[in-house]
Amino acid sequence: PITIIEFSDYECPFCKRQHDSGAIKNLMTKYDGKLAVVFKHYPPPFHPLAKPGALTAECIGEIGGGNKFNQFIDQVFTKGTPTTAIMEEVIKALGVDAKKIKACVDSAKYASKIDAHASEGQTKFGVNGTPGNVIINTKTGKYEVVSGAQPEANFDAAIVRLLAE
């Protein structure tokens with residue numbers, strides 16, 4: 001009944017802080033079966049590796065599947081501010097074909113999808129920075145935006161309010 005859309009980018013220190021806090025994973029456990037999380041890209045122009053990172057993640061998802069996509073996100077945030085070397089290290093650790101990933105990234109075939117994610121965040125939900133978290137009651141369509149790396153209790157309070165709708 002509840003979906004959290006996390007608009008994020010790999011270079012954002014606040015996105016890393018949110019990831020490292022474990023808040024979203026804790027809420028997934030607490031609301032087992034009642035909460036889904038969707039990761040959407042929101043690469044700002046002042047983070048030069050954010051869009052290449054987003055392209056890499058999408059290509060990993062295409063070539064290695066959804067689990068590899070999620071593992072890439074997790075491992076990049078765990079390792080800190082991404083560099084090209086860190087992304088290459090994670091690709092190798094995931095065991096996906098680096099040449100296929102590079103060809104996919106170079107093609108920029110997912111650029112319009114990534115741009116659409118950011119546009120959706122801005123125009124539909126008013127997200128203007130990362131992390132921008134939109135918590136949605138999927139039955140009523142009502143939502144709340146939790147901006148920034150907020151404490152878990154702030155997410156939880158929004159979920160409780162939306163479940164009461």
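Okay, strand β3, residues 132–137: 6 of its 6 residues are buried, so the strand is mostly covered, and buried here means under 20% relative accessible area, with exposed over 50% and partly exposed in between, using a 1.4 Å probe and protein chains only. Strands are DSSP runs of E with at least two residues, helices are runs of H or I with at least four, and both are numbered from the N terminus. Before I go on, this is a predicted model, where local features need pLDDT of at least 70, side-chain atom pairs count only at pLDDT 80 or more, and totals for chains, interfaces and linings use all residues. Residues are numbered from 1 along each chain as its sequence is written, and side-chain values use heavy atoms, with hydrogens and water left out.

Back to β3. G132, V134 and I136 point one way, N133, I135 and N137 point the other way, and all are buried.

Now, who sits beside β3? Two strands count as paired if DSSP finds at least two bridges between them. On one hand there's β1, residues 2–8, running antiparallel to β3 and joined to it by 6 bridges. You can find I2 opposite N137 of β3, and I5 has V134 as its bridge partner. Then there's β4, residues 143–147, also antiparallel to β3, with 5 bridges. There, G132 is partnered by S147. The β3–β4 hairpin has 5 residues between the strands, and in it G141 takes a positive phi near 85°.

Put together, what's the order of the sheet? It's β2-β1-β3-β4, 4 strands in an open sheet with mixed pairing. β2, residues 35–41, and β4 are the edges; each has a single partner strand, so one side of each is left without a neighbour in the sheet. From one strand to the next the twist averages 20°. For angles, the axes are lines fitted to C-alpha atoms, for helices over the stretch in contact, and the values run from 0 to 180 degrees between N-to-C directions.

Next, the helices lying on the sheet. Helix α8, residues 152–163, lies across β1, β2, β3 and β4, at about 25° to β3. Helix α2, residues 23–30, lies across β1 and β2 and runs at about 150° to β2. Whenever I say contact, I mean heavy atoms within 4.5 Å.

Let's move to α7, residues 111–125, and its crossing with α3, residues 50–64. Two packed helices are described by the angle between their axes and the distance between the axes. Here the axes come within 10 Å and cross at roughly 115°. On the α3 side the contact has K51, A54, L55 and E58, and they meet A111, K113, I114, D115 and H117 in α7. That splits into 4 nonpolar, 1 polar and 4 charged residues, where Ala, Val, Leu, Ile, Met, Phe, Trp, Tyr, Cys and Pro count as nonpolar, Asp, Glu, Lys and Arg as charged, and the others, Gly among them, as polar.

And which residues of α7 are buried? A111, I114, H117, A118, E120, G121 and F125. What covers them includes β1, β2, α3, β3 and β4. Right after α7 comes G126, with a positive phi near 75°. A little further along, in the loop between α7 and β3, you'll find P131, and the peptide bond joining T130 and P131 is cis, with omega about -10°.

On the other side of α7, A108 sits in the loop between α6, residues 98–107, and α7. A108 isn't a glycine, yet its phi is positive, about 55°. With 34% relative accessibility, A108 counts as partly exposed.

Last, two residues to click on. K16 is in helix α1, residues 13–21, and counts as partly exposed at 22% relative accessibility. Not counting residues up to four places away in sequence, K16 touches F77, T78 and G80. The other one is D74, in helix α4, residues 66–79, which is partly exposed at 27% relative accessibility. What does D74 touch? Leaving aside neighbours within four places in sequence, D74 is in contact with H19 and K25. F39 is 35 residues from D74 along the chain, and their C-alpha atoms are separated by 11 Å.
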